[in-house]
Amino acid sequence: MHNKPMDKSKLLAIGDRFRIYILFLVIFIFMSLFAPRFFNSYNLTTILRTVSMNATLALGFSVVMICGHLDLSIGRTATFAAVIALLLQKSVGYGLSVPIAIAAGVLVGLVNGLLVVKVKINSFIVTIGTMTILQGATYTMTGGNSVSLSGSNVFAISDFLSRPLLPMLPPRVILTILFVLLFHFFVTHTQWGRNFYLLGGNKMTAWLAGIHTDAVTVSAFILSSTMAAVGGILFAMESSAATLNMGENSLMYVVSATIIGGTAMSGGKGGVLKSVIAILSLEMLYTGTILFGLGNEVKIFISGLILAFVVLYEAYASYKHERTLGQRSELLKEVAMLKARVPK
Amino acid sequence: MKRQVRMLFLVMVLLVSTAVLFAQGGKATGPSAADAAANLEASLKVDTSVLKAADGQPLLKLSADVPKIPTRPANPEALPDTNPLRWFDMEYAGWDAQKTNIPASPKSGAIGKRITFIVHGDHPWTTACSLGAQKVADAYGIQLKVLSPNWDLAVQNQMIDQAINERPDMLLLIPLDATTAVQQARRVNQAGIPLILFNTLPTAEAMNYAITWTGPDDFGQMRKLARVFADELRARNPGAKELGIAYVQHAPGGSPYFARSYGPVSELAGYAPEVVTLDMQAPGFEADRTMQLVSDWLTRFGPRLKGIFAADDSAQALGIAEALKKAGRADVVVVAAGNSKIGMDMVTDGSLFAITYQTAEGDGALAVQTAADWFNGKELPNRRNLPQHIITKKDVADFYPPQW
């Protein structure tokens with residue numbers, strides 16, 4: 001008698017837990033069946049190549065958000081690092097320019113993290129500041145121009161990064177997959193990684209549990225900026241160019257995907273893999289709109305709609321959770337059933 | 001057992017159909033040219049010269065100016081900004097392009113061809129540009145697919161890849177940026193898809209991979225506007241030994257940024273040496289930010305500021321006019337690049353002295369017409385420029401209603 005409602009609630013819980021995977025499958029199957037020329041190796045390779053940059057950015061960003069913070073500087077960090085890598089390539093080659101650009105990313109993260117934990121400034125304010133400073137620094141370095149490289153060596157690297165080594169998997173995509181697996185393992189299977197969740201869930205509890213909360217927070221910001229730098233550099237190396245606004249649109253895209261993927265803005269909940277799957281799902285949706293011949297406005301509308309739906313759902317779930325806080329839901333259900341049996 | 005066999009059969013059917021679908025995805029499925037000769041004959045008869053833009057001007061009009069290309073200096077970048085040859089690689093990009101792997105015209109006519117038209121972003125100008133392209137496409141029965149990446153390089157790259165996936169008969173592209181266009185053009189070229197670049201002038205290297213480039217000669221147009229500007233400055237300040245001006249610049253990075261700043265700078269250095277640049281700033285395309293900038297200039301330079309050269313005749317021009325009105329400085333000469341309704345209204349009411357005729361519809365139309373000409377087997381130059389004209393109060397009425 002009591003089994004059916006239990007099963008239903010279990011099913012809903014599972015659905016909620018795996019919602020991003022379900023969304024991914026639904027979009028993939030729908031597009032494969034109905035979007036013209038969606039289901040072929042060239043198109044799927046294109047999708048994977050396109051998501052590479054934002055997926056890399058989302059890895060670190062998700063970690064920061066799991067800790068209960070925000071890093072709004074990721075887009076500008078990506079541009080900043082890309083510009084450094086390309087500008088220095090002309091004199092020292094990628095062998096040295098890429099590590100320097102990544103180091104610049106690490107430095108940005110370190111500054112962000114220290115300002116948040118030591119100066120106690122809200123991460124939103126800190127990273128907006130960093131974003132603006134990086135924008136100014138990038139414009140100063142380039143004199144307001146885009147940076148581009150040419151020549152057979154540069155084009156050879158660019159071609160290498162974009163042409164599939166394995167079916168549908170160019171090196172840039174393979175690297176991204178490796179980063180995703182590494183981050184997923186780190187966050188879910190190591191003590192330091194699990195500390196991000198503890199910290200985001202309740203900072204005081206984490207501190208009482210003996211976690212060095214400041215170090216964990218700073219490390220999250222360093223990871224975020226480093227991955228932003230890596231994403232920007234790889235994109236620029238494949239394009240052999242960096243524009244000054246290349247990371248501008250990535251920020252909103254990554255924020256939306258991370259929220260859609262189930263990472264709570266309050267922290268303590270979510271996952272890097274889910275963020276990446278969300279980015280992949282949105283990308284398939286965007287590709288589908290292009291293949292259907294729909295405009296960019298439709299794409300923006302759909303992603304906004306999904307985001308709004310997810311935020312509303314999260315708000316509703318949170319409201320429901322708060323209502324039953326400290327109460328045993330199964331007892332509440334029994335009370336409700338008993339009430340229903342009592343004749344009026 | 002029976003159930004297992006049935007399941008196995010189902011899985012096999014699923015796998016086979018998946019493989020078939022997957023394999024078919026990579027193949028081209030364009031419309032077959034059943035009779036290329038008949039198509040060509042019919043296509044050559046299409047008369048697009050009768051088409052009109054929304055402003056009543058002919059939709060398709062080529063520049064009558066014969067390009068005079070000077071000899072390239074050994075190192076243009078070593079020259080000062082005031083030397084016109086400093087900008088040689090931008091101004092004359094593509095005229096001497098070394099074409100690489102350019103497909104030969106099929107000479108099969110333009111009727112029924114599929115063209116993917118990738119612009120730079122959503123803007124009223126783009127809407128007018130796409131409308132002009134559509135008018136020519138309709139005349140030829142061309143299937144035009146318009147895509148806009150909204151100024152996102154990653155999205156534009158993705159759209160290019162999608163176009164390669166769909167294998168259209170031609171790709172028309174407004175590169176988001178002069179320098180990134182090289183890799184984009186190279187990619188399309190390697191895929192064997194005919195490419196025409198338009199509107200934004202890319203670097204010379206990008207031109208090697210495209211059939212041709214069509215669009216406004218921004219440098220030429222700005223040089224013309226600079227002369228009209230200098231003439232008016234002189235007329236309003238007779239005998240002045242110094243005429244201080246400031247530039248409200250375009251967004252940094254693209255060709256308009258350079259053409260609309262250094263085109264006039266290098267032109268005025270020769271044509272009107274008494275014109276002195278007081279400042280150059282790129283406040284973006286928001287009226288309030290431009291107003292703030294101009295107000296600061298008026299405080300800083302006072303009566304020394306005699307003129308303003310703006311890169312945009314809509315939001316920037318509105319901001320400039322507002323700041324001048326607040327300061328009571330009707331004496332400042334303002335000119336702007338562009339041909340919007342706002343700009344034309346401001347020319348009519350006198351708050352702008354001159355703007356440039358930049359037909360948005362004509363820009364899109366010329367790109368599609370050039371594609372049609374290529375399908376028809378016509379010889380194409382390395383660049384096809386739109387006509388140049390400066391609009392002042394004298395003839396602004398001829399360009400109403402505005403295109404955007």
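In chain B, helix α4 (residues 124-140) and helix α13 (residues 360-375) pack against one another, with axes that come within 6 Å and cross at roughly 35°. Helices and strands here are DSSP runs numbered from the N terminus, a helix (H or I) having at least four residues and a strand (E) at least two, while axes are lines fitted to C-alpha atoms, for helices over the stretch in contact, with angles between N-to-C directions that run from 0 to 180 degrees. Two packed helices are described by the angle between their axes and the distance between the axes. The crossing of α4(B) with α13(B) is right-handed, a term for a near helix turned clockwise from the far one by less than a right angle, whereas an anticlockwise turn would be left-handed.

This is a predicted model, in which local features need pLDDT of at least 70 and side-chain atom pairs count only at pLDDT 80 or more, although totals for chains, interfaces and linings use all residues. Residues are numbered from 1 along each chain as its sequence is written, and chains are lettered from A and ligands numbered from 1 in the order in which they are written.

Which residues bring α4(B) and α13(B) together? Among those that α4(B) contributes are Trp125(B), Leu131(B), Val136(B) and Tyr140(B), and among those they meet in α13(B) are Ala360(B), Gly364(B), Val368(B) and Ala372(B); two residues are in contact if their C-beta atoms, placed from the backbone, lie within 7 Å. By class, this contact has 13 nonpolar, 5 polar and 3 charged residues, where Ala, Val, Leu, Ile, Met, Phe, Trp, Tyr, Cys and Pro count as nonpolar, Asp, Glu, Lys and Arg as charged, and the others, Gly among them, as polar.

Chain B also holds an open sheet of 6 strands, which stand in the order β7-β6-β8-β9-β10-β12 with mixed pairing; two strands pair if DSSP finds at least two bridges between them. Strands β7 (275-281) and β12 (390-391) of chain B stand at the edges, and each has a single partner strand, so one side of each is left without a neighbour in the sheet. Strands of a sheet pair through backbone hydrogen bonds, either parallel or antiparallel.

Starting from the β7(B) edge, β6(B), which covers residues 243-248, pairs with β7(B) in the parallel sense over 6 bridges, and Val248(B) has Gln281(B) in β7(B) as its bridge partner. Helix α11 (residues 315-327) of chain B packs on the sheet, where it touches β6(B), β8(B) (305-310) and β9(B) (333-336), and its direction makes about 165° with that of β8(B). Strand β6(B) is also parallel to β8(B), with 5 bridges between them, and here Tyr247(B) has Phe309(B) as its bridge partner. From β8(B), 4 bridges lead on to β9(B), again in a parallel pairing, in which Ala310(B) stands opposite Ala336(B).

Is β8(B) enclosed or exposed? In this strand 6 of the 6 residues are buried, so β8(B) is largely enclosed by the rest of the structure; a residue is buried if 20 or more other C-beta atoms, placed from the backbone, lie within 10 Å of its own, exposed if 12 or fewer do, and partly exposed in between.

Chain B also touches chain A, in a contact that takes 32 residues from each of the two chains. On the side of chain B, α1 (2-25), β2 (143-147), α5 (153-166) and α6 (181-190) each supply at least two residues, and the largest share, 9 residues, comes from α5(B). The residues on this side divide into 13 nonpolar, 12 polar and 7 charged.

Chain A has 15 helices and 2 strands. Its radius of gyration, taken over C-alpha atoms, is 22 Å, and the globule rule multiplies 2.2 Å by the number of residues to the power 0.38. Because 22 Å is close to the 20 Å that this rule gives for 344 residues, chain A is as compact as a globular protein of that length. Of these 344 residues, 45% count as buried.

Finally, some backbone details deserve a look. Lys120(A) has a positive phi of about 60° although it is not a glycine, and this residue lies in the loop between α5 (94-117) and α6 (123-142) of chain A. In chain B, a cis peptide bond with omega of about -5° joins Tyr400(B) and Pro401(B), and Pro401(B) has its place in the segment after β12(B).
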